[in-house]
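Good morning, and thank you for making time for this presentation. May I ask you to bring up the structure on your screens before I begin?

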Amino acid sequence: MLSTRLTNAHVLTMDPDHPVAHDVGIWEGRIVGLDEAVTGLPARRVVDLQGATVLPGFIDSHVHLAWTGFKANTPSVAPCTSAEDVLGVVAATVAGTPPGGWAQLVGYDQRALGRHLTAAELDKVSEGRKVYLLHDSGHGCVVNTEVLDLLPAEVPHEDGFLAEQAMGAARALRLPYSQEELATAIGRAARVCLAEGVTACAEAGIGGALFGHSPVELGAYQLARDQGQLPLRVQLMVAADRLKAVAAHEDDGIPRALDLGLRTGFGDEWLSVGALKIYTDGGMMARTAALSSPYEGLDHAGQLQDDPEALADTIVAGHLGGWQLAVHAIGDRAADVALDALERAHHLRPRPGARHRIEHAGLIRPDQLSRMARLGVSAVVQPNFLRYFGDDYASIMGEERAPWMYRGRGFLEHGITLVGSSDRPVADGSPLRAVQFMVERASESGQLIGPDESVTVDEALRAYTVGGAYACHWDSVAGTLTPGKRADLVVLGDDPRRVDTSRIGDIEVVTTFVDGRESDD
């Protein structure tokens, strides 16, 4: 007997051997058959979907759940467009902060103000509190003098603006979040993901200086699961700065590792350890993505997170340690550093099944495409970055480089696996809105950005199903609605392939099934 049979559905399986179905049979959290193979079987529960469209559950391959959850409950200075308004919000937050405490705010973006705030301006409203405004990109912050005075003298800043590693130094001053706080934030964000049709995701870096929230952050995800606050599957990327030198047996060839040699693959179907997250540069929003030539209108080309050789050593050490690597590289100079190091790593120890990933791949030159293909790396892109920030990004890249941003067609034509993701909370997390952009290549203002990089609706959907499963080593159990795979699926109010492209992002997510159970069960 089946646990559940879904009937009268328009099922897009993403499996070329059986692309469309009308019935799906589920038993013990697995798909056991389609159409006539299950139509006549008894089932404890039969769900008539009345013609609704069914797809494999979306996989968001790059998210920040804890950050998303905290951001939702943290005072925000958005959408303020003047320094005076921002300072007013800061003052109100300070008023509710205990003396000597931290007044933390989110939503900071210097582009809306036309310049960065300064520590001196924050001092006027801080009343002795430590003030920390997180940049929306996650790659910078503005702090007041109370915070600057606690930092080592060598930490660089521009009148209170701290970027990348300097931001990490300021984050480290604050006590880590408790596991209870983290579990609550993780659960809050996970429920939003589920409502948007996401049934599995990859958390993009825990425990590190830049985006980590606690040195015992993995335990918070375990706690969230124990408490029933993890309604979807989560794969955890570990920040590379958590590795340490180890005296393993010389035959192992492992120079750095987590304690006990933990690496990619540890865990189960609900919570597992995924890739090693390595940051090579910053972000376009904060103007810290490392480019090979300067930003338009600026006298700098961003920055790498460290000396190129030091970054390469970390990438090689991770590869030798058996990790899948998720290398954050937004600018084309950062991509050069990543590709050079990956080539060196494969030369030292070939690992054709490693499935290393370039996270973001925000600006990839034409000459870099063939290198990515040759090395077998996936491109984990965030289409909604250009939907919401595209006008700004196009202006700072200039006419020649703008079409190279967050590519689609170029990756596919070179045989590079295209993987969809959100980087939430940096941008809107909806996979359907991202799918719409991947087809239209239009920003919110209507500006076309790299229209030749447009993909079909089916290719965009594959990036959020088949591509995501491949990037996370889940392709044997997820990504398509095939007998034997997990019964993780999303029910939509319409077929993204049949509606006008402009309507894809507004299609209703009716419900989701994870492990064969509806999200509201």
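In this predicted model, the buried residues of helix 7 are Ala166, Met167, Gly168 and Ala170. What lies over them? The elements covering these buried residues include strand 9, strand 10, strand 11, which spans 140-143, helix 6 at 145-148, and strand 12.

Helix 7 also leads us to the pockets. The largest pocket has a volume of about 570 Å³. Its lining comprises 31 residues, and those nearest the centre are Arg171, Arg174, Tyr177, Gly212 and His213. Which elements supply at least two residues each to the lining of the largest pocket? They include helix 2 (65-72), strand 9 (102-108), strand 10 (130-135) and helix 7 (165-173). Helix 7 gives the largest share, with six residues. Sorted by class, the lining of the largest pocket holds 17 nonpolar, 10 polar and four charged residues.

The second largest pocket contains about 430 Å³ of space. Here 22 residues form the lining, and Glu158, Phe161, Ala163, Thr288 and Gln303 lie nearest the centre. Strand 12, residues 161-163, and helix 7 each contribute at least two residues to the lining of this second pocket. Helix 7 again provides the largest share of a lining, in this case three residues. The class division for the second largest pocket is nine nonpolar, nine polar and four charged. Helix 7 therefore appears in three parts of this account: it has buried residues of its own, it gives the largest share of the lining of the largest pocket, and it does so for the second largest pocket. I turn now to the sheets. Eight strands form an open sheet with parallel pairing, in the order 8-13-14-17-18-19-20-21. The edges are strand 8 (58-63) and strand 21 (418-420), each of which pairs on one side only. On average, neighbouring strands in this sheet are turned by 25 degrees against each other, direction ignored. At one edge, strand 20, residues 378-381, pairs with strand 21 in the parallel sense over three bridges. Which residue of strand 21 is the bridge partner of alanine 379? The partner is leucine 418.

There is also an open sheet of four strands, ordered 5-4-1-6, and its pairing is mixed. Strand 5 (30-34) and strand 6 (43-48) are the edge strands, pairing on one side only. Strand 1, residues 2-7, runs antiparallel to strand 4, residues 24-27, and three bridges join them. Threonine 4 has isoleucine 26 of strand 4 as its bridge partner. Strands 4 and 5 are likewise antiparallel, joined by four bridges, and glycine 25 is matched with glycine 33 in strand 5. These two strands make a hairpin with two residues between them, and in the turn glutamate 28 has a positive phi of about 50 degrees.

Finally, a single side chain. Tryptophan 323 sits in the loop between helix 10 (308-320) and strand 18 (325-329). Is tryptophan 323 buried or exposed? The relative accessible area of tryptophan 323 is 1%, and because the cut-off for buried is under 20%, this residue counts as buried. Tryptophan 323 lies 30 residues from glycine 353 in sequence, and the two are 11 Å apart in space, C-alpha to C-alpha.

That concludes my presentation, and I welcome your questions.

Key: Residues are numbered from 1 along each chain as its sequence is written. This is a predicted model: local features need pLDDT of at least 70, side-chain atom pairs count only at pLDDT 80 or more; totals for chains, interfaces and linings use all residues. Side-chain values use heavy atoms; hydrogens and water are left out. Two strands pair if DSSP finds at least two bridges between them. On a 1 Å grid over the protein atoms alone, a cavity is a set of points where a 1.4 Å probe fits but cannot get out, and a pocket is an open set with protein on both sides within 12 Å along at least five of seven lines; lining residues have an atom within 4 Å of a point. Grid points are joined across faces, edges and corners, and a volume is the space filled by probe spheres set on the points. Ala, Val, Leu, Ile, Met, Phe, Trp, Tyr, Cys and Pro count as nonpolar, Asp, Glu, Lys and Arg as charged, and the others, Gly among them, as polar. Buried means under 20% relative accessible area, exposed over 50%, partly exposed in between (1.4 Å probe, protein chains only). Contact means heavy atoms within 4.5 Å. Axes are lines fitted to C-alpha atoms, for helices over the stretch in contact, and angles run from 0 to 180 degrees between N-to-C directions.
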